[in-house]
Structures are given as structure tokens and as C-alpha cells.
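Me: I have a structure open and want the labels justified, not just listed. Can we go through them by question and reply?

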Amino acid sequence: MKKIILVLATIFSFGVANAQVDVITKHSGETVEGKVIRLDEYTVVFKYDGEDAENTIGKYAVEKIVYGKTKRVEEVTEKIVVSGEADWEKVVILEEKSYIAGLKKVGEVRGKTGLINFQTGNTGDKKAQKKLKMDAAKQGCPFVLLTADKTTVGANSNAIGGSQAIKTGVAYKY
């Protein structure tokens, strides 16, 4: 009788310990099991089940977190669906590498204004940003990590005195 109680207690304690694992569901459909340490503004810090090292994943890659102890579900971000160049306004420009953790690199993107143009600095910058987003949307990517942002004004850009804006980045998707 004691052996049966001991076996049942062991099985029950294993089930309780296993149920306390947090489950992070990514927009790609992948799940990560571990313990969520904290939610920062743009990242989720967690430990894999059975490990002590802290890992970081960008919130843009995470759909939801199901906490093991309470079974509470926390929606983290909505999935951004970019199906073509017409969806360029949905593309998000990111400026820090930690935000892209958990996303897949697709390729380089670029947006620039013409060498000879009559744009002011601000409108040239917006036009280059629009072209950058359109290039990413064409590749089906909802995110761009900005790697370079260059604007030349006056005599440095062209003889007419206009300005040229050049933005380059790396496109990412789920």
C-alpha cells in the first residue's frame, strides 16, 4: 500500500511541476517552453525549461504567453500580415537589433530619393522611408531593421542645392 501511495505521489508531483512551465507561442507557430522572467518594452526575457541561461526574444515575434502556474493567457502582439507592395504602410521600421530576435532575415532593402530633386529635407526623408517600406512589402516582410540613414543637403548632394535621402535596412518576417 505504501508503494502505491509513493508511486501516485511521485506521478502527481511530476505533473504539478510540469504544469508550471510557461508556453510562449510565436507568430510563426513555433512554441517555446520555459519560465518567463520579465516582459520589457520590446522584448521577452525567459529561461528554457531545465536551463539557467536567460534568453531574449523580440515581442514582435511573440503572439501570446500562457503562464503555467495560473494558466493566464497574455496576448503580446498582433500578427502583421503583408501580402504585397500595396501593404507598405503596415511595415514597421525597427532601430535596435534586440527587437528582431525570433524573426527570420529575408534580405536587404533600400529606399532613396533621386539625385536631382526639389525635395526639402523632411519630404525627402519621408519619400525615402516610403520606398524602403515598399521594398520590404514587395518581399512580404512586415519588419525592417534600419542599418543606415543618410541625408545630404546643399552642395554636398548636388549642384542645384536639393537634398538626397538614402535609407538602407534588412527585411525580416515571422
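What follows takes rings, burial, strands and core in turn.

Reply: Go ahead. Keep in mind that this is a predicted model.

Me: What makes the pair of Phe46 and Tyr48 edge-to-face?

Reply: Two values settle the label. The ring centres of Phe46 and Tyr48 are 5.1 Å apart, and a pair needs centres within 6.5 Å. The planes of Phe46 and Tyr48 meet at 80°. Planes over 60 degrees apart count as edge-to-face, so the label holds. By this rule the count comes to five aromatic pairs.

Me: Why is Phe46 called buried, and why is Tyr48 called partly exposed?

Reply: Phe46 has a relative accessible area of 4%. Buried means under 20%, so Phe46 qualifies. Tyr48 has 34%. Partly exposed runs between 20% and 50%, so Tyr48 belongs there.

Me: How do you know that Phe143 and Tyr174 form an edge-to-face pair?

Reply: The reasoning is as before. The ring centres of Phe143 and Tyr174 lie 5.6 Å apart, and the limit for a pair is 6.5 Å. The planes stand at 90°. That is over 60 degrees, so the pair counts as edge-to-face.

Me: Where in the chain do Phe143 and Tyr174 sit?

Reply: Phe143 is in strand S9 (residues 143–153). Tyr174 is in the segment after strand S10 (163–173). The two are 31 residues apart, and the pair links distant parts of the chain. Both Phe143 and Tyr174 are buried. They also belong to one aromatic cluster, together with Tyr42, Tyr60 and Tyr99.

Me: What makes strands S4 and S6 edge strands?

Reply: The open sheet has six strands in the order S4-S3-S2-S1-S5-S6, with antiparallel pairing. Strand S4 (54–58) and strand S6 (73–75) each have a single partner strand, so one side of each is left without a neighbour in the sheet. From one strand to the next, the twist averages 40°.

Me: How do you know that S2 and S3 pair?

Reply: Count the bridges. Pairing takes at least two. Strand S2 (residues 31–39) and strand S3 (residues 43–48) have five and run antiparallel, so they pair. Val36 has Phe46 as its bridge partner in S3, and Leu39 stands opposite Val44. S2 and S3 form a hairpin with three residues between the strands.

Me: What joins S3 to S4?

Reply: Five bridges, in the antiparallel sense. Here Phe46 has Asn55 of S4 as its bridge partner. The hairpin of S3 and S4 has five residues between the strands, and Gly50 takes a positive phi near 90° in it.

Me: Why is Thr168 called buried?

Reply: Thr168 lies in strand S10. Its relative accessible area is 18%. Buried means under 20%, so Thr168 meets the cut-off. Leaving out residues up to four places away in sequence, Thr168 touches Val109, Arg110, Leu132, Leu145, Leu146, Thr147 and Ala148.

Me: Which residues have the most contacts inside the largest nonpolar core?

Reply: They are Ile24, Val44, Ile65, Leu103, Ala136, Phe143 and Tyr172, in a core of 32 residues. S2, S3, strand S5 (62–66), helix H2 (121–138), S9 and S10 each supply at least two residues. The largest share, four residues, comes from S9.

Me: What does Val44 touch?

Reply: Beyond four places away in sequence, its contacts include Ile24, Val36, Leu39, Ile57, Val62 and Ile65. Arg38, Asn55, Thr56 and Lys59 are also among them.

Methods. Residues are numbered from 1 along each chain as its sequence is written. This is a predicted model: local features need pLDDT of at least 70, side-chain atom pairs count only at pLDDT 80 or more; totals for chains, interfaces and linings use all residues. Side-chain values use heavy atoms; hydrogens and water are left out. Rings of Phe, Tyr and Trp (its six-membered ring) pair if their centres lie within 6.5 Å; planes under 30 degrees apart count as stacked, over 60 as edge-to-face and the rest as tilted. Buried means under 20% relative accessible area, exposed over 50%, partly exposed in between (1.4 Å probe, protein chains only). Axes are lines fitted to C-alpha atoms, for helices over the stretch in contact, and angles run from 0 to 180 degrees between N-to-C directions. Contact means heavy atoms within 4.5 Å. A nonpolar core is a set of buried Ala, Val, Leu, Ile, Met, Phe, Trp, Tyr and Cys residues joined through side-chain atoms within 4.5 Å.
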